[in-house]
Amino acid sequence: MKIYSWKYLLCGLAMGALGALKLWRSLRADFDNGFVMGLYCAVLSIRFLYVALNEDAYEKDKTESVEFRNASRRMFGKWAAVVLNIGGAVVIGALLLTLLNPNLAGIAILLMLAGFLYEIIVNQMVKKRM
């Protein structure tokens, strides 16, 4: 078996371990959000390992990422990196806000949802231009 991407292989193994840990911990206790996170990590792990070990999937992923990068540069010019990462910055800021003041959890949840929604909208706009 040939490994086409060490980066994807290591990420897949790490996500698989994290998913197994989350599933094990949530099954020991109640079914909480750890169960959903564990399933999500397991799905990501399978995808990463598939791309790392399959030549066709690796080439397809590589060409799609180049096309996405070029389309975003055509749309947003030199600001493409900023525009694509604003949603992630908002989500991280919301997480830090809850660490600084737990009483603002409601605002942080709204900011997280806004950040995720922004990411989805911008990614769909760029994918339409590909």
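**Figure 1. Cysteines C11 and C41 in a structure with zero disulfides.** This is a predicted model. A disulfide is a covalent bond between the sulfur atoms of two cysteines. The structure shown here holds zero of them. Why is there no bond between C11 and C41? The sulfur of C11 lies 12 Å from the closest cysteine sulfur, which belongs to C41. A pair counts as a disulfide when the sulfur atoms are within 2.5 Å, so 12 Å is too far for a bond. Seen from the other side, C41 is in no disulfide either, and the nearest cysteine sulfur to C41 is that of C11. Are these two cysteines buried or exposed? C11 is partly exposed, with a relative accessible area of 35%. C41 counts as buried, at 2% relative accessibility.

**Figure 2. The largest nonpolar core.** Nine residues make up this core: Y8, L9, M15, C41, L44, F48, V51, A52 and A57. C41, the buried cysteine of Figure 1, is one of them. Which helices supply at least two residues each? Both α1 and α2 (33-53) do. The largest share, five residues, comes from α2. In soluble globular proteins, nonpolar side chains tend to be buried together. Now look at L9, a member of the core. L9 touches I3, L49, A52 and L53, leaving out residues up to four places away in sequence. Of these partners, A52 is listed in the core as well. There is also a second, separate core of six residues. Its members include F68, A71, V83 and V126.

**Figure 3. Helix α1 from end to end.** Helix α1 covers residues 6-28. It has 23 residues and reaches 33 Å from its first C-alpha to its last. That is close to the 33 Å expected at 1.5 Å a residue. Which residues of α1 are buried? They are Y8, L9, G12, M15, G19 and S26. Y8, L9 and M15 also appear in the largest nonpolar core. S26 counts as buried because its relative accessibility is 3%, and buried means under 20%. The side chain of S26 reaches the backbone oxygen of L23 at 3.2 Å. R25 lies in α1 too. R25 counts as exposed, at 53% relative accessibility. R25 and G77 are 52 residues apart in sequence. In space, their C-alpha atoms are 45 Å apart.

**Figure 4. Y58 and S5, C-alpha to C-alpha.** Y58 lies in helix α3. How many residues separate Y58 and S5 in sequence? The count is 53. In space, the C-alpha atoms of Y58 and S5 are 7.5 Å apart. Y58 touches S5, and also Y4 and V51. Those contacts leave out residues up to four places away in sequence. V51 is part of the largest nonpolar core.

**Figure 5. Helix α4 and its kink.** Helix α4 spans residues 80-100, 21 residues in all. From first C-alpha to last, α4 reaches 30 Å, close to the 30 Å expected at 1.5 Å a residue. Where is the kink centred? It is centred on I86, with a bend of about 40°. The buried residues of α4 are A80, V83, L84, G87, V91 and A94. They pack against α3 (55-76) and α5 (105-129). V83 is also a member of the second core.

**Figure 6. S72, a buried serine in α3.** S72 lies in helix α3. Its relative accessible area is 2%, so S72 is buried. What does S72 touch? Leaving out residues up to four places away in sequence, S72 touches G77, A80, L84 and V126. A80 and L84 are among the buried residues of α4. V126 belongs to the second core.

**Figure 7. E119 and its contacts.** E119 is found in helix α5. Which residues does E119 contact beyond its neighbours within four places in sequence? They are L84, N85, I86, G87 and G88. I86 is the residue on which the α4 kink is centred. The side chain of E119 reaches the backbone nitrogen of G88 at 3.2 Å. E119 and V83 are 36 residues apart along the chain. Their C-alpha atoms are separated by 9.3 Å.

Note on methods: Residues are numbered from 1 along each chain as its sequence is written. This is a predicted model: local features need pLDDT of at least 70, side-chain atom pairs count only at pLDDT 80 or more; totals for chains, interfaces and linings use all residues. Side-chain values use heavy atoms; hydrogens and water are left out. Helices (H or I, at least four residues) and strands (E, at least two) are DSSP runs, numbered from the N terminus. The expected span of a helix is 1.5 Å times one less than its number of residues. The bend at a residue is the angle between axes fitted to the seven residues ending there and the seven starting there. Buried means under 20% relative accessible area, exposed over 50%, partly exposed in between (1.4 Å probe, protein chains only). Contact means heavy atoms within 4.5 Å. A polar contact is a pair of N or O atoms within 3.5 Å; within protein, one must be able to donate a hydrogen and the other to accept it, and residues adjacent in sequence count only if both atoms are side-chain atoms. A nonpolar core is a set of buried Ala, Val, Leu, Ile, Met, Phe, Trp, Tyr and Cys residues joined through side-chain atoms within 4.5 Å.
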